[in-house]
Amino acid sequence: MEKVTFECEVVTPMFLAGADGKTPELRPPSIKGAMRFWWRAMNGHLSIEDLKKDEAEIFGGSGENMGRSKVGIKVDTFNLKKSKKKFPSHPIQVKNFNINILDYLAYGTYQYKKGEGNVFIREYIEPGQKFTVNISIVNNELEEDIIGVFQLLSTFGGLGSRSRNGFGSFVILSINGSSKSFYVNIKKDRFSSKLPKFSAFSKNMRLWKTKQSYDSWDKALAELGKAYRYAREKIESKHHYEKRQYIGAPIIVNKKQKSKLDRHAKPYFMSIHRENNEYVGYILYLPSEYAHGMEGLNNFKETKRFEDACNCLNEHLTEKLEEVSL
C-alpha cells in the first residue's frame, strides 16, 4: 500500500458543510467526490460502460461486482477558521443599483436581509488556512494517476458549493514533503477531437486567464466574474434568453417565462491560482454533448444550439481575458 500526503492551503472561501448540513467541515467524501469528477474529465474518451467500470475499480461502487474503493482519504484540518463576514467589495452596476461581483458568483450561499444586505446562510472556511490530505492507495500502480487527479482538482477545480465559480480553490504546497509548483499543464494533443458525452477534456476545450496578476484572491476572482458576466450579457440583447439558457439552465425570468431546459451545469470552470503571493484567475471551457441521455430533447439539435451559445460567449471572454494556448 502506498501513502501520499498533500499539504494544501485554501485560496478562496470554501462553502462546505459537515454531517449536520450547516457546520463548515472539510470531509473525505467531498474530496473523493471532486476527485471522481476530474478523473472522469480525464477519461472522456471511454464509453459510459467502461467509464463506470474503471471508476468503480478505483473509487468503489454500489453495483454488483463492484468492490470497495482502492483509495482511502484522511484529512487533517488543524482547526480551520470559519467566517460569515462579507466579502471585499468589488461593485458592478446592475440596472439602477450596485452589486458586489463576488456576491454574484456566490449566489445561493446567502440571503438578503433588509438593513444588512446579503448575509451568508452558513459559515465558510477562510482563505489562508492550511490542511493536509493523506491518501492511501491499495494498488501501487494507481499512485501516479491518483496524484495526477488531485493536482488536476487543485489546478482547475475546487471544493464545496460554487466551485465552478472559483470558490473552494486551493493550492498544493507539497507532496510527500517535496515543495514546488504542482499546477498541471494540459495539452490538447493527448485528447480526442470527438465531443465527449459529459464534461471532459477534448481538443474542443479552451482556457483563459486574467491579463495580469493580483495581490489578493478577491481581486483576481472579481476580474474573472466581471469578464464572465460581461460575456454572458453580450450573448444576446436584454430580455432574450434563447442562447443564455444553454450556458446554465434553468433560467427563470418570471412565473410566465422560464427556460425550457432542465437543470444543466455550465461548461465553464473558474479557479484562482496563487504562486509567489500573486493571484491569477483562470476559466476552463469543457464542452460536451448537451442532451445525451435526456428524454424529450433532440441531442444533435440541442448540442448545436449549445455550441453556438458557447462560441458567442467565448468570443466575448477573449475580449476581456487572455486566451492560453493549449
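Does Ala291 count as buried or exposed, and at what relative accessibility? The legends below begin with this residue and then move on to the pockets and a sheet. Please keep in mind that the model is predicted.

**View 1. Ala291 sits in the loop between strand 13 (278-285) and helix 6 (299-320).** Here is the reply to our opening question: Ala291 counts as buried, because its relative accessibility is 2%, and buried means under 20%. Leaving aside residues up to four places away in sequence, Ala291 touches Leu297, Asn299, Glu302 and Thr303. You can also look for Phe306, 15 residues from Ala291 along the chain. The C-alpha atoms of these two residues are separated by 9.5 Å.

**View 2. The largest pocket has a volume of about 2,100 Å³.** Its lining is made up of 50 residues, and Tyr104, Tyr107, Arg162, Asn165 and Arg232 are the closest to the centre. Several elements each supply at least two lining residues, including helix 1 (28-42), helix 3 (101-105) and helix 5 (217-233). Strands take part too: among those supplying at least two residues are strand 4 (91-94), strand 5 (97-100), strand 6 (110-113) and strand 7 (117-120). Sorted by class, the lining of this pocket holds 24 nonpolar, 14 polar and twelve charged residues.

**View 3. The second largest pocket holds about 580 Å³ of space.** Around it are 29 lining residues, with Met42, Asn43, Gly44, His45 and Phe191 lying nearest the centre. Helix 1, helix 2 (48-59) and helix 4 (143-156) are the elements that give two or more residues to this lining. Helix 4 gives the most, with six residues. The lining of the second largest pocket divides into 14 nonpolar, nine polar and six charged residues.

**View 4. Four strands form an open sheet in the order 12-13-11-14, with antiparallel pairing.** At the edges stand strand 12 (268-275) and strand 14 (322-323). Each of these has a single partner strand, so one side of each is left without a neighbour in the sheet.

**View 5. Strand 11 (residues 206-209) and strand 13 run antiparallel and are joined by four bridges.** To find one of the pairings, start at Trp208 and look across to its bridge partner in strand 13, Ile283. Helix 5 packs on the sheet, where it touches strand 12 and strand 13. The direction of helix 5 makes about 30 degrees with that of strand 13. You have met this helix before, since helix 5 also supplies at least two residues of the lining of the largest pocket.

Terms used: Residues are numbered from 1 along each chain as its sequence is written. This is a predicted model: local features need pLDDT of at least 70, side-chain atom pairs count only at pLDDT 80 or more; totals for chains, interfaces and linings use all residues. Side-chain values use heavy atoms; hydrogens and water are left out. Buried means under 20% relative accessible area, exposed over 50%, partly exposed in between (1.4 Å probe, protein chains only). Contact means heavy atoms within 4.5 Å. On a 1 Å grid over the protein atoms alone, a cavity is a set of points where a 1.4 Å probe fits but cannot get out, and a pocket is an open set with protein on both sides within 12 Å along at least five of seven lines; lining residues have an atom within 4 Å of a point. Grid points are joined across faces, edges and corners, and a volume is the space filled by probe spheres set on the points. Ala, Val, Leu, Ile, Met, Phe, Trp, Tyr, Cys and Pro count as nonpolar, Asp, Glu, Lys and Arg as charged, and the others, Gly among them, as polar. Two strands pair if DSSP finds at least two bridges between them. Axes are lines fitted to C-alpha atoms, for helices over the stretch in contact, and angles run from 0 to 180 degrees between N-to-C directions.
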